[in-house]
Amino acid sequence: QMRRAVLSIPSNVAEGFGRSSAKEKNQFYYVAKGSLAELETQAYIASDIGYLSSEQFEEIIQLASLTHRLLQGLTKANKERL
């Protein structure tokens, strides 16, 4: 499930980038954000039940935070085009 969520993020960004209208682009960027939130939730659960080490968990959360900031930038820049 985590792999699917991870793959969904860049896939939705790419699909959004290929759309012509700003509204369509943002729709896919929001789906990517949803997949990122799903990944973070799954990381917390996996850590709690011992499937992830604390180092793996921290790396995932740090990368998720960076990805969130990048997605925020994309949606903000795209909203300015509306």
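Seven residues, A5, I9, A32, L36, L39, A64 and L71, come together as the largest nonpolar core of this predicted model. Three helices each put two or more residues into this core: α1 (2–17), α2 and α3 (54–79). The biggest contributor is α2, with three residues. Nonpolar side chains tend to be buried together in soluble globular proteins.

Looking at one core member up close, A5 touches S35, E38, L39 and Q42, once neighbours within four places in sequence are set aside. L39 is itself part of the largest core. Apart from that core sits another one, made of five residues, including A43, A46, L52 and F57.

Now for α2 itself, which covers residues 22–48. Its 27 residues should span 39 Å at 1.5 Å a residue, and since the end C-alpha atoms turn out to be 39 Å apart, the two figures agree. After α2 comes G50, with a positive phi near 85°.

Not everything nonpolar is tucked away, though: I45, I49 and Y51 make a nonpolar patch on the surface, and together they offer about 370 Å² of accessible area. Of these, I45 belongs to α2. Its relative accessible area is 47%, so I45 counts as partly exposed, a label for values between 20% and 50%.

Methods
Residues are numbered from 1 along each chain as its sequence is written. This is a predicted model: local features need pLDDT of at least 70, side-chain atom pairs count only at pLDDT 80 or more; totals for chains, interfaces and linings use all residues. Side-chain values use heavy atoms; hydrogens and water are left out. Patches are made of residues with over 30% relative accessible area and no salt bridge: like charges are joined within 9 Å, nonpolar side chains (Val, Leu, Ile, Met, Phe, Trp, Tyr) within 5 Å. Accessible areas come from the Shrake-Rupley method with a 1.4 Å probe; for residues, only the protein chains shown count as cover. A salt bridge is a side-chain nitrogen of Lys or Arg within 4 Å of a carboxyl oxygen of Asp or Glu. Helices (H or I, at least four residues) and strands (E, at least two) are DSSP runs, numbered from the N terminus. Buried means under 20% relative accessible area, exposed over 50%, partly exposed in between (1.4 Å probe, protein chains only). The expected span of a helix is 1.5 Å times one less than its number of residues. A nonpolar core is a set of buried Ala, Val, Leu, Ile, Met, Phe, Trp, Tyr and Cys residues joined through side-chain atoms within 4.5 Å. Contact means heavy atoms within 4.5 Å.
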